[in-house]
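Visitor: I would like a close look at a single part of this model. Please take me through chain B and how it meets its partner.

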Amino acid sequence: MNAFKPVLTEHIHQKDCHTLPFYKSVGGYKALEKVLAMQPDAVIQEVKESNLRGRGGAGFSTGVKWGFIPKDSDQPKYLINNADESEPGTFKDRLLMNKTPHQMLEGMIIASYAINCNTAFIYIRGEFYKEYQLLKETLAEAYQANLLGQGILGSDYNLEVVIHRGAGAYICGEETGLIESLEGKRGWPRIKPPFPAIEGYLHCPTVVNNVETLACLPHIINHGADWFKSIGSEKGPGPRLFCVSGTVNNPGVFEEPMGISLKELIFDRAGGIPENKQLKAVFPGGSSSAILTAEEALDVKMDFEDLVEKKSMLGSAGVIVMDETVDMVQACLNIARFYAHESCGQCTPCREGTAWLVKMLTRIVNGQGKPDDIDMLYEITDNIGGRIDFSKGSFGKTICPFGEAVAWPVRSFVEKFENEFRSYIQQVEAVA
Amino acid sequence: MNTMATPQEKFIFANPDKVDRIFSQYPDKKSATLSLLHLAQAQEGYISGSVIDTIADLVECHPAIVMDCVSFYSMFFTKPQGRHKIQVCQTLSCSVNGADALVDHVTNKFSIKPGETTDDRRFTLMKVECLGSCGTAPVVQINNDYHEGLTNERFDELLESLP
């Protein structure tokens, strides 16, 4: 592989990299100038050709998503920047917002122009207060420089950008939950179809794109779709921000081409495991992905295809490393508790099932597990998640993919480390 | 409309300009709900029944709809909290990097368990789910600020520095 030069994070270590003067000094907003002289359809076409796939988790083609926006509708169109980063193990969007907010904003303006939107939102997770303050300054700079507002850079294109704070709810990262939340309601995901492109915010056509996805856009416009496609894996190309956390020496965000090996990420970029302990298990794509055993982890490429082959997913590219000292039953309980807390409560299998999982896992951890608990854990995960088939657009037994997001990891813990669960339960039997 | 509040003074936003500015940003009134709740909580410290009534009047909906939001989102509190809300992330990456020890530290030092407030109302301790800063685990949010990569010692210094 050719030496890869970071694209999105090239300048993040430089002084004042978050400011407009700095961003302009490294070619910032050149792509916007170019776009304003293009037809919106040509922008959509370029992004489609780049095969940019969403960086939030689902990995849907960005250009195709834009293409669903009806052209003949006279309703207002909305773009929402999904900055509600809350998938455990994921902390890349926060980095982009802190270090290079104008890159993301330029992407937002490009996307808004492409779908003919005049009001765009940044839905930022409520806890990111510092980033919220910083983005307010970013917008002020942009309005001042006529990069936002009326007649942007002398064109006849107008765009207002509004920052909207969430208030602590993981489910609002799901795009229809986010839209409900923006409308001033609890973040209950909607039944699809209709998809947001047809009926989104205030029943109007809406596109929801992730921070990192938007940050890719100026580079695609500047260097072209072919350049983007030349980076990393063929079926999901481009640079990607991989987050590595857990038990590693050097946790952090590493920008690499799609398809880098997980082994390289963990043992080279993230410096391996402290005290040379053994690798035990890894979440490759946030806590919603099925975990990989050490053996599987050492033999996988970080792209959409290879991880699906391993019956997991790239998701948000949030890698959580667990070494030999991490108790798999307790880790499973930790994750189940997260989902039980965050279940929005709309669908019964998820609302009740997540609570049952926590109760059962707590009982096992506390030495009160029963021999048939293992089977019951399988049964409950099946009842929440069903058997998903992404190729058919299936969404299991719940309205949104949250059901799978809890069923997959919990099931993978039990399947791959059943011995550890059994040994907790056998201790009980021995005592009895 | 006054269904949620017990007899108490009507809540009034201290800065009406900010309220106007919030409304001016959205194409409809109800979308302003979360922003108004944030603004009210910054002023009052928590969301009282009269805050809910005032916001419901402003956004033109039933107070139950506003209450729905308050109960759904973890950042809104319906009771007064301590001056400093110590929110320790307990999700996996923080958990395997010493988050439990940070919780125990506060519990031992101030005799409060998660969910409790010190008698002098200086601190409220909470365990929270993923704060999205896993690369600098363990992470604690105190009010609006993140404190990352904490050791027990640094955490202790930090707590001591808070009035």
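In chain B, which element has the lowest confidence and which the highest?

Guide: This is a predicted model, so confidence is a fair place to begin. Within chain B, the lowest mean falls in helix α7 (residues 152-161), at 95. The highest, 98, belongs to strand β3 (residues 140-142). Over the whole of chain B the mean pLDDT is 94. In that chain, 95% of the residues reach 70 or more. For the model as a whole, ipTM is 0.94 and pTM is 0.95.

Now the layout. Chain B holds seven helices and four strands. Read from the N terminus, the order is α-α-α-α-β-α-α-β-β-β-α. The C-alpha trace of chain B spans about 50 × 35 × 25 Å along its principal axes. Of the 163 residues in chain B, 42% are buried. Take the contacts in chain B with a separation of 6 or more: 61% of them join residues 24 or more positions apart.

Chain B is assigned two domains, domain 1 (16-72) and domain 2 (84-161). Their C-alpha centres lie 29 Å apart.

Next, the partner. The contact between the chains takes 34 residues from chain B and 43 residues from chain A. On the chain A side, at least two residues come from each of β3 (160-165), α8 (175-182), β5 (239-246), β6 (252-257), β9 (318-323) and α14. Helix α14(A) supplies the largest share of that side, six residues. By type, the chain A side divides into 17 nonpolar, 17 polar and nine charged residues.

Both chains also share a core. The largest nonpolar core has 173 residues, and I110(A) and V282(A) touch the most other members. Helix α14 (residues 328-342) of chain A gives the most to this core, ten residues. From chain B, domain 1 and domain 2 each add at least three residues to this core. In soluble globular proteins, nonpolar side chains tend to be buried together.

Look last at V282(A). Set aside its neighbours within four places in sequence. V282(A) is then in contact with L262(A), I291(A), L292(A) and A297(A). The list also includes V319(A), I320(A), V321(A) and M322(A).

To return to your chain: helix α14(A) gives the largest share of the chain A side that touches chain B, and both domains of chain B put residues into the largest nonpolar core.

Conventions
Residues are numbered from 1 along each chain as its sequence is written. Chains are lettered from A and ligands numbered from 1 in the order in which they are written. This is a predicted model: local features need pLDDT of at least 70, side-chain atom pairs count only at pLDDT 80 or more; totals for chains, interfaces and linings use all residues. A nonpolar core is a set of buried Ala, Val, Leu, Ile, Met, Phe, Trp, Tyr and Cys residues joined through C-beta atoms within 7 Å. A residue is buried if 20 or more other C-beta atoms lie within 10 Å of its own, exposed if 12 or fewer, and partly exposed in between; C-beta atoms are placed from the backbone. Domain bounds come from an automatic or database domain assignment. Two residues are in contact if their C-beta atoms, placed from the backbone, lie within 7 Å. pLDDT is the predictor's confidence in each residue, from 0 to 100. Ala, Val, Leu, Ile, Met, Phe, Trp, Tyr, Cys and Pro count as nonpolar, Asp, Glu, Lys and Arg as charged, and the others, Gly among them, as polar.
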